[in-house]
Amino acid sequence: MPLNVTILTPGRCLLKETPCRQVELPVAGGRIGVLENHTPLVTPLEVGEIRILPAEGETVQYLAISSGMAEVTPERVLITVHAAESAEEIDVARAQAARERAEKRLRERANLDIDRAELAMARAANRLRVARRSSGL
Ligand code: ATP
């Protein structure tokens with residue numbers, strides 16, 4: 001049995017028990033790569049990129065995620081996150097607008113909730129980075 005991966009968000013199941021060779025997850029301080037037979041663990045996920053290496057072929061799938069959790073067992077990875085989009089479905093104009101809003105708030109200090117603006121900035125920058133994957137850059 002190969003490793004399989006499931007990705008859930010509050011409104012959507014992006015992947016359901018999809019067979020794969022490896023899943024790379026953004027965690028505090030870096031990334032972890034999960035292969036089948038991994039030691040069981042539960043870990044928080046950061047805003048970042050998930051990479052899924054397919055069970056067959058070479059085409060890597062890239063997804064942008066917001067924070068959440070991953071539960072790993074020897075045969076599966078269960079990812080539950082606030083938001084997730086594949087590289088192809090990211091709306092670049094929307095992410096650019098979100099980044100500009102966050103930049104403006106941080107510049108003007110118009111909003112004292114700096115943490116919130118920085119998190120919005122991180123989500124937007126991450127989406128823009130992951131969206132570039134779909135154009136092969
Ligand atoms: P925005 O200010 O544009 O709403 P946000 O970072 O506050 O961005 P989230 O709260 O992370 O948005 O996500 C809300 C929903 O919108 C989620 O379902 C997420 O997948 C989707 N979403 C947010 N931004 C984009 C985008 N640029 N392209 C596609 N889907 C997006």
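This is a short walk through one protein chain, from its overall layout to its core and then to a few single residues.

Before anything else, please keep in mind that the model is predicted.

I will start with the layout. The protein has 9 strands and 2 helices. Going along the sequence, the pattern reads β-β-β-β-β-β-β-β-β-α-α, with the helices coming after the strands.

Next, the overall dimensions. The C-alpha trace spans about 55 × 30 × 25 Å along its principal axes. The radius of gyration is 16 Å, which agrees with the value near 14 Å that a compact globule of 137 residues would have. As for the surface, the protein exposes about 8,100 Å², and 50% of that comes from carbon and sulfur atoms. Of the 137 residues, 36% count as buried.

A word on contacts. If we take the contacts with a separation of 6 or more, 55% of them are between residues 24 or more positions apart. On charge, there are 19 positive and 19 negative charges, and their mean positions lie 7 Å apart.

Now to the interior. The largest nonpolar core has 21 residues. Which of them touch the most other members? They are Val-5, Ile-7, Val-23, Leu-25, Ile-52, Val-77 and Ile-79. Six strands each supply at least two residues of this core: β1 (3-9), β2 (12-27), β5 (48-54), β6 (61-65), β7 (68-73) and β8 (76-81). Of these, β2 gives the most, with 6 residues. Apart from this core lies another, of 5 residues, including Ala-64, Ile-90, Val-130 and Ala-131.

Two members of the largest core are worth going through in turn. Leaving aside neighbours within four places in sequence, Leu-25 is in contact with Gly-30, Arg-31, Ile-32, Val-34, Leu-45, Ile-50, Ala-70, Val-77 and Ile-79. Two of those partners, Val-77 and Ile-79, were on the list of core residues I just read out.

The second is Ile-52, in strand β5. Its relative accessible area is 4%, under the 20% cut-off, so Ile-52 is buried. With the sequence neighbours within four places again left aside, the contacts of Ile-52 include Val-5, Ile-7 and Val-23, and also Leu-15, Cys-20, Gln-22 and Leu-63. For a distance to check on the screen, the C-alpha atoms of Ile-52 and Val-34 are separated by 9.7 Å, and these two residues are 18 apart along the chain.

Let me move on to Ser-86, which lies in strand β9 (residues 84-86). Is Ser-86 buried or exposed? Its relative accessible area is 14%, so Ser-86 is buried. Beyond its neighbours within four places in sequence, Ser-86 is in contact with Leu-14, Tyr-62 and Leu-63. Leu-63 also appears among the contacts of Ile-52.

Last, some backbone geometry. Glu-17 has a positive phi of about 50°, although it is not a glycine. Where is Glu-17 placed? It lies in strand β2. Glu-17 is exposed, with a relative accessible area of 54%.

Asn-37 also has a positive phi, of about 70°, and it is not a glycine either. Asn-37 sits in the loop between β3 (30-34) and β4 (41-45). With a relative accessible area of 61%, Asn-37 is exposed.

To close, we have a chain of 9 strands and 2 helices, with a core of 21 residues to which β2 gives the most.

Notes: Residues numbered from 1 in each chain as written. Predicted model: local features only at pLDDT ≥ 70, side-chain atom pairs only at ≥ 80, totals over all residues. Heavy atoms only, no water. Core = buried A, V, L, I, M, F, W, Y, C linked by side-chain atoms within 4.5 Å. Buried < 20%, exposed > 50% of the residue type's maximum accessible area, 1.4 Å probe, protein only. Helix = DSSP H or I, 4+ residues; strand = E, 2+ residues; numbered from the N terminus. Contact = heavy atoms within 4.5 Å. Rg over C-alpha atoms; globule rule 2.2 N^0.38 Å. Areas by Shrake-Rupley, 256 points an atom, 1.4 Å probe, with all protein chains shown as cover. Lys, Arg positive; Asp, Glu negative; His and termini not counted. Charge placed at Lys NZ, Arg CZ, Asp CG, Glu CD.
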